[in-house]
Amino acid sequence: MSPQSTIPAPAPPPLHPATSKILIIGAGTFGLSTAYHLQDDGFQDITILDKAAELPALDAASTDINKVVRSTYANSFYTQLARDAIARWKDPMWEGCYHESGVICVGGAYADKSYENDVAEGARVSLLPDAEKIRSAFPASLWPSEHEHPLRSHLLGDFADYSGYVNLDGGWAEATRAIKILLDSVMARGAKIESGKEVMTLLNSTGDKSGYTCGAICVDGSTYPADRVILATGSWTAPSFPGLALGRRCLASGQSLASLQLTQEESERYREIPVVLDFRSGLHVLPPNCDNVIKIGLHAAGHTHMVTPSTFEFSSANATGVPRKISTPRTILSHPEGSDGLRVPRSVLRAIRDQLKVVYPDLAEKPWAGTRMCWYTDSPGGDWVIGHFPGDSGLFLATSGSGHAFKFLPNIGRVVVDILRGRADSTTKARFAMDRDISRALNAERVDNCPQELLPEELCGPEDMLPYVK
């Protein structure tokens, strides 16, 4: 054995709550929750950087009117973690952001397995084996009148050939308000949060880039040394750090959302509806918020937006060449003119309306009030990416929420911190490892696992906001 082979790889100093400098890049779900739980562990020197000029970032996935909170997972790990999150959402610190409307789950094998897991964890669930039972799970305000035939009512769909279950332990949360609450809490507990700080490159402990990540340099020239750097940059992770060659492990995918503006009278009729999840089509429908807006979307493979990186960031000892193109979020901030960055493909908008007719036929006849492309960070299989970057013990990733991270805002940071500090069990570490095998991974929640490229000419226009006549 050569003497050189006995020399250990460069490593940052061990973490210590009283002395370690933690730099978190990204002030969204992962970044803020991680900071909060680091503070619970006693860490005192935490800095969070975000490229957005104002926080919460206008185009972040977590900046939204609401998000689904549910424990309906076919994987028991997430069921258990979600049950813990739901309990935490009820803490006074969240100021009533969480609304326990219940969640109706329909559509095939995924819903069946989710039911088994919810039952095993003691959730308040009831089977809905047929259309009649499904319709009965909705509030009486949507039921047909005494002299009206049930199938002639246009308030509720007929749910022919559907079955599922209702989980009363779930609902939705006011997303933007919750992020603001956590941001303020983390700041009040001593963390430094700086907006308008776009990271240009990651610092390395050696001049030849063979060491470990030890900080970051921003576009404005400011430098932030750190004992650990945590990337929590969501759908901007791969395009912001192309030198890491993250590829499919952190793929930005645009998911189409649409909203309806209800009148006050309509809103009162639909106020008590549960969240509806249709795993057969990917449809999800949330109850009206305080502004009488209902949000609807399709949970599918989504769309990519492939762009050649404008800069080449290279810091990690194990990073490789820059991919030719990387999927990059196309948002209201990158394409602000005429709200261009909010437009979604017209074909998806039509599909959302078609699927909405299955649940709420009357609502499907209303014009859309707005659309939004919500940018997920997808990993194959839907498991998050939480762990050290291979070969670089100073760089830690907390990303790839895969469209189901926000509901865990109260506790996802605990998962991150436990892995960061070496307390997580081997199964959890392997599940989220950056270098796990993804060759055969498929996301069972999605109706499709093959995203399409987003084409500007296919984006919706004013005429697509109106109901169409077949």
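Directly after helix H1 comes Gly42, a residue with a positive phi near 95°, in what is a predicted model. The helix itself covers residues 29-40, and its end C-alpha atoms stand 17 Å apart, which agrees with the 16 Å that its 12 residues should span at 1.5 Å a residue. H1 is mostly covered, with 11 of its 12 residues buried; among them are Thr29, Phe30, Leu32, Tyr36, His37 and Gln39.

Leu32, which belongs to helix H1, gives a view of these surroundings, and its relative accessibility of 0% places it among the buried residues. Leaving aside residues up to four places away in sequence, Leu32 touches Ala27, Ile48, Ile179, Leu182, Leu183, Val186 and Ile193. The C-alpha atoms of Leu32 and Ser185 are separated by 9.4 Å, although the two residues are 153 residues apart along the chain.

Several of these partners lead to helix H5, whose buried residues include Ile179, Leu182, Leu183, Ser185 and Val186. The buried residues of H5 pack against H1, S2, S3, H2, strand S8 (171-173) and strand S9 (192-194). For the 14 residues of H5, running from 175 to 188, a span of 20 Å is expected at 1.5 Å a residue, and the end C-alpha atoms are indeed 20 Å apart, which agrees. A glycine of positive phi follows this helix as well, namely Gly190, with a value near 115°.

Helix H9 (412-420) is largely enclosed by the rest of the structure, because eight of its nine residues are buried. Those residues are Ile412, Gly413, Arg414, Val415, Val416, Val417, Ile419 and Leu420. Their cover includes H1, helix H2 (76-89), strand S13 (228-231), strand S22 (385-389), strand S23 (392-399) and H10. H9 is followed by Gly422, which has a positive phi near 80°.

Arg423 is found in the loop that runs between helix H9 and helix H10 (426-432). With a relative accessibility of 42%, Arg423 counts as partly exposed, since that class lies between the limits of 20% for buried and 50% for exposed. Not counting residues up to four places away in sequence, Arg423 is in contact with Asp41, Arg414, Val417 and Asp418. Between the C-alpha atoms of Arg423 and Gln355 there is a separation of 44 Å, for 68 residues along the chain.

The backbone values named in this report are collected below.

| Residue | Backbone value |
|---|---|
| Gly42 | phi near 95° |
| Gly190 | phi near 115° |
| Gly422 | phi near 80° |
| Phe159 | phi about 55° |
| Asn292 | phi about 65° |
| Leu55 to Pro56 | omega near -5° |

Most residues other than glycine have a negative phi, and most peptide bonds are trans. Phe159 has a positive phi although it is not a glycine, and Phe159 sits in the loop between helix H4 (131-136) and strand S7 (164-167). The relative accessible area of Phe159 is 2%, so this residue is buried. Asn292, likewise not a glycine, also has a positive phi, and its place is the loop between strand S16 (283-285) and strand S17 (293-298). At 9% relative accessibility, Asn292 too counts as buried. The peptide bond from Leu55 to Pro56 is cis, and Pro56 lies in the loop that separates strand S2 (45-49) from strand S3 (67-69).

Turning to the chain as a whole, its secondary structure comprises 10 helices and 24 strands. The radius of gyration is 23 Å, which agrees with the value near 23 Å that a compact globule of 470 residues would have. Along the principal axes, the C-alpha atoms occupy a box of roughly 90 × 50 × 45 Å. Of the 470 residues, 57% are buried, and among the contacts with a separation of 6 or more, 77% are between residues 24 or more positions apart. The accessible surface amounts to about 19700 Å², and carbon and sulfur atoms contribute 53% of that area. The chain carries 45 positive and 55 negative side chains, with the centres of the two sets lying 3 Å apart.

Conventions. Residues are numbered from 1 along each chain as its sequence is written. This is a predicted model: local features need pLDDT of at least 70, side-chain atom pairs count only at pLDDT 80 or more; totals for chains, interfaces and linings use all residues. Side-chain values use heavy atoms; hydrogens and water are left out. Helices (H or I, at least four residues) and strands (E, at least two) are DSSP runs, numbered from the N terminus. The radius of gyration is taken over C-alpha atoms; the globule rule is 2.2 Å times the number of residues to the power 0.38. Buried means under 20% relative accessible area, exposed over 50%, partly exposed in between (1.4 Å probe, protein chains only). Contact means heavy atoms within 4.5 Å. Accessible areas come from the Shrake-Rupley method with a 1.4 Å probe; for residues, only the protein chains shown count as cover. Lys and Arg count as positive and Asp and Glu as negative; His and the chain ends are not counted. The place of a charge is taken as NZ of Lys, CZ of Arg, CG of Asp or CD of Glu. The expected span of a helix is 1.5 Å times one less than its number of residues.
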